[in-house]
Amino acid sequence: MGISKLDIIYRRLLFTKLFIRGWGRPEDLKRLFEFRKVIGNRERCQNLVSRDYPVYVDKIEEQSDCKILDGHFVSPMAHYVPDIMPIESVIARFQFIVPKEWNSKYRPVCIHLAGTGDHHYWRRRTLMARPMIKEARMASLLLENPYYGCRKPKDQADSFKMGREFVKRFPSSADKLTNLNLVSRTLNLDDQVVSQKPAGCHNSSKTSISATSERLLLQDASKKECFNQTLSTNKSSYTSCSSQSYHLLSKEQRRNNLQKESLIFMKGVMDECTHVANFSVPVDPSLIIVVQAKEDAYIPRTGVRSLQEIWPGCEIRYLEGGHISAYLFKQGLFR
């Protein structure tokens, strides 16, 4: 398969620099890792948010064929992992687009999460939700993702936003990654995870999450071994050189070493928090339809596990073209 030239050109137009100020406090990453063990388990995750969790409707707008409800709620992350998000991301905002008439006794709703760079609601509402009202009388729930739109901090790029909420406190420079003790403390899962007690952010029933996730963390032996192996490899690459020889390295060599270590570290964090194999398999994978572009230069199909392996029974449909052209010209097919 070829690679879309349009995708390559579009990628080169993006000037945003990611993670230039580091990855945040090791203790915050550790808290995210332990909570991922909880939300990655369906039986535990489905009970985290009660059925009567407060949701507020702020405005209702009447259209000729639908109603548009704007609302908000406090992100459950603020209760279970307090102080992990910047203040701007704590309030989750949504837009609910409901047809005035339904085609049958069923009332289908499609949940639309934001794509890359999709701030606010206009794009999803115009290209997907409103046409779905006319074509199928299907309602749409548009969630404003963390770090996007009104939930985007003024001093932070919208990175690491799809799979996991992230931290606001960054170290002063990327040179902190040379401190192997920091990396080791962050990902060494042999150490017992101790959560900070929240300052009145959640009740006593929720405080048990820490102990529960800690047990899940320790039970996941294969992933723990993988992380420890990665750290062992990283650590040996440094300890094999004496401190004297390290200082003899040229500035460019040290920069290259830092870049390599940073990429390994980023892969470990991303795999832990966003890889779909770390979450429970959907109840019925045969209901899943995955749409992929044959010439996608954004999402790789080689060198990674296939979704059909992770979700046995799911269906994969291929579109001609690349990532960008599929989004621009195949909206009807997606609907």
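This report walks through a predicted model of one protein, from its overall make-up down to a few single residues.

## The big picture

Let's start with the whole protein. It has 335 residues, and buried ones make up 39% of them. Its secondary structure comes to 14 helices and 7 strands.

How does the chain meet itself? Take the contacts with a separation of 6 or more: residues 24 or more positions apart account for 73% of those. As for the outside, the protein exposes about 20100 Å², and carbon and sulfur atoms supply 55% of that area.

## Two nonpolar cores

Now to the inside. The largest nonpolar core has 12 residues, among them Leu32, Phe35, Val38 and Ile39, along with Met77, Ala78 and Tyr80. Others on the list include Leu48, Val81, Ile84, Met85 and Val90. Two elements give two or more residues to this core: helix H2, which covers 26-39, and helix H4, which covers 77-80. Helix H2 gives the most, with 4 residues.

There is also a second core, separate from that one. It has 7 residues, including Cys66, Tyr121, Ala129 and Leu142.

## Salt bridges across the chain

A search of the whole structure turns up 13 salt bridges. One of them joins the side chains of Glu62 and Lys100, at 3.3 Å from N to O. This pair links distant parts of the chain, since its members are 38 residues apart: Glu62 belongs to strand E1 (residues 56-62), while Lys100 is in the loop between strand E3 (91-99) and strand E4 (109-112). Glu62 has 47% relative accessibility, so it counts as partly exposed. Lys100 counts as partly exposed too, at 41%.

Arg130 and Asp65 form another salt bridge, with their closest N and O atoms 3.0 Å apart. Here too, distant parts of the chain are linked: Arg130 is in helix H6 (residues 122-136), Asp65 is in the loop between E1 and strand E2 (66-74), and 65 residues lie from one to the other. Is Asp65 buried or exposed? With a relative accessible area of 18%, Asp65 is buried, because the cut-off for buried is under 20%. Arg130, at 21%, counts as partly exposed.

## A bridge between sequence neighbours, and a network

Not every salt bridge in the model spans such a stretch of chain. The side chains of Glu315 and Arg317 meet in one, at 2.7 Å from N to O. Glu315 is partly exposed at 34% relative accessibility, and Arg317 is partly exposed as well, with a relative accessible area of 42%.

Salt bridges can also join up into a group. Arg25, Glu27, Asp28 and Arg31 are linked in a network of this kind.

## Ser4 and its surroundings

Next, a residue from the start of the chain. Ser4 is in the segment before helix H1 (5-12). With a relative accessible area of 6%, Ser4 is buried.

Which residues does Ser4 contact, leaving aside its neighbours within four places in sequence? They are Glu295, Ala297 and Gly322. Ala297 is 293 residues away from Ser4 along the chain, yet the C-alpha atoms of the two are separated by 6.1 Å. Ser4 also has a link to its own end of the chain: its side chain reaches the backbone nitrogen of Leu6 at 3.3 Å.

## Two residues with a positive phi

Finally, a look at the backbone. Most residues other than glycine have a negative phi. Asp83 is not a glycine, but its phi is positive, at about 65°. Asp83 is found in the loop between H4 and helix H5 (87-90). At 52% relative accessibility, Asp83 counts as exposed, because the cut-off for exposed is over 50%.

Tyr147 is another residue other than glycine with a positive phi, in this case near 75°. Its place is in the loop between strand E5 (139-143) and helix H7 (180-187). How about its cover: is Tyr147 buried or exposed? Tyr147 is buried, with a relative accessible area of 0%. So the two positive-phi residues sit in contrasting settings, with Asp83 exposed and Tyr147 buried.

Notes
Residues numbered from 1 in each chain as written. Predicted model: local features only at pLDDT ≥ 70, side-chain atom pairs only at ≥ 80, totals over all residues. Heavy atoms only, no water. Salt bridge = Lys/Arg side-chain N within 4 Å of Asp/Glu carboxyl O. Buried < 20%, exposed > 50% of the residue type's maximum accessible area, 1.4 Å probe, protein only. Core = buried A, V, L, I, M, F, W, Y, C linked by side-chain atoms within 4.5 Å. Contact = heavy atoms within 4.5 Å. Polar contact = N/O pair within 3.5 Å; in protein donor to acceptor, adjacent residues only side chain to side chain. Areas by Shrake-Rupley, 256 points an atom, 1.4 Å probe, with all protein chains shown as cover.
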